[in-house]
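Grab your viewer and work through these exercises at your own pace. Try each task before reading its solution.

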Amino acid sequence: MIGHYIGTTLEQFEISFMRDTDPESEVALWCSIVAAWLVYDEKFLEDGTLPDEDERKMLGALIAIPTGVEDVSKLSVPVEVGRRLLQCYDDLSKE
């Protein structure tokens with residue numbers, strides 16, 4: 001689902017998990033990132049898509065959020081988009 005936007009093949013992506021010391025946590029993290037991305041698309045884009053560059057920026061923001069970035073002005077997206085992405089990611093933990 002996201003390989004097109006992160007510029008890696010499935011095989012390269014899988015290899016990074018095989019080298020990880022805690023692959024289960026890493027897989028769970030990526031599942032959360034993708035889930036938040038899908039929720040954002042459903043809520044705010046009505047299941048539409050943005051230009052590839054905008055999708056890449058959104059994905060980059062979603063990758064940054066679990067690392068502790070909470071200041072949406074530091075994400076590579078407009079502030080309102082950052083707020084929405086942060087909310088989508090945070091809402092996953094409430095389910």
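**Exercise 1. Follow the salt bridges of helix 5, starting from E80: how exposed is E80, and what does it pair with?**

Step 1. E80 has a relative accessibility of 40%, so it counts as partly exposed; the cut-offs are under 20% relative accessible area for buried and over 50% for exposed, with partly exposed in between (1.4 Å probe, protein chains only).

Step 2. Before going on, a word on the model: it is predicted, so local features need pLDDT of at least 70 and side-chain atom pairs count only at pLDDT 80 or more, while totals for chains, interfaces and linings use all residues. Residues are numbered from 1 along each chain as its sequence is written, and side-chain values use heavy atoms, with hydrogens and water left out.

Step 3. E80 makes a salt bridge with R83, and the closest N and O atoms are 3.3 Å apart. The rule asks for a side-chain nitrogen of Lys or Arg within 4 Å of a carboxyl oxygen of Asp or Glu.

Step 4. Both partners sit in helix 5, three residues apart, or about one turn of the helix. Helices here are DSSP runs (H or I, at least four residues), numbered from the N terminus. An α-helix has 3.6 residues a turn, so residues three or four places apart point the same way.

Step 5. R83 is partly exposed too, at a relative accessible area of 47%. Salt bridges with shared partners join E80, R83 and R84 into one network.

**Exercise 2. How many salt bridges are there, and which parts does the D91 and K43 pair tie together?**

Step 1. The rule gives a count of four salt bridges.

Step 2. In one of them, the side chains of D91 and K43 meet, at 3.9 Å from N to O. D91 belongs to helix 5 and K43 to helix 3, so this pair ties together parts 48 residues apart in sequence. K43 is partly exposed, at 48% relative accessible area.

Step 3. Now look at E53 and R56, whose closest N and O atoms are 3.8 Å apart in a salt bridge. Both lie in helix 4, three residues apart, about one turn. E53 is partly exposed at 45%, and R56 is partly exposed at 33%.

**Exercise 3. Which residues of helix 3 are buried, and what do they pack against?**

Step 1. Check the helix length. At 1.5 Å a residue, the 22 residues of helix 3 should span 32 Å, and the end C-alpha atoms are 31 Å apart, which agrees. The expected span is 1.5 Å times one less than the number of residues.

Step 2. List the buried residues: W30, I33, V34, A36, W37, Y40 and D41. Seen down the axis, they fall within an arc of 155 degrees, so they line one face of helix 3; the arc is taken from the directions from the helix axis to the C-beta atoms.

Step 3. Turn to the other side of helix 3, where E24 and E42 are exposed.

Step 4. The buried residues of helix 3 pack against helix 1 (3-6), helix 2, helix 4 and helix 5. Contact means heavy atoms within 4.5 Å.

Step 5. Just past the end of helix 3, E46 takes a positive phi of about 50 degrees.

**Exercise 4. Which residues form an aromatic cluster?**

Step 1. Rings of Phe, Tyr and Trp (its six-membered ring) pair if their centres lie within 6.5 Å; planes under 30 degrees apart are stacked, over 60 edge-to-face, and the rest tilted. That gives four aromatic pairs.

Step 2. F13 and F17 pair edge-to-face, with 5.0 Å between centres and 90 degrees between planes. Both are buried.

Step 3. F13 and W30 are also an edge-to-face pair, at 5.1 Å and 75 degrees. This pair links distant parts of the chain, with F13 in helix 2 and W30 in helix 3, 17 residues apart.

Step 4. Put together, F13, F17 and W30 form one aromatic cluster.

**Exercise 5. How many residues does the largest nonpolar core have, and which helix supplies the largest share?**

Step 1. A nonpolar core is a set of buried Ala, Val, Leu, Ile, Met, Phe, Trp, Tyr and Cys residues joined through side-chain atoms within 4.5 Å. The largest one has 23 residues, and M58, L62, I65, V77 and L85 have the most contacts inside it.

Step 2. Helix 3 gives the largest share of this core, six residues.

Step 3. Zoom in on I65: it touches L75, L85, L86 and Y89, not counting residues up to four places away in sequence.

Key:
Helix = DSSP H or I, 4+ residues; strand = E, 2+ residues; numbered from the N terminus.
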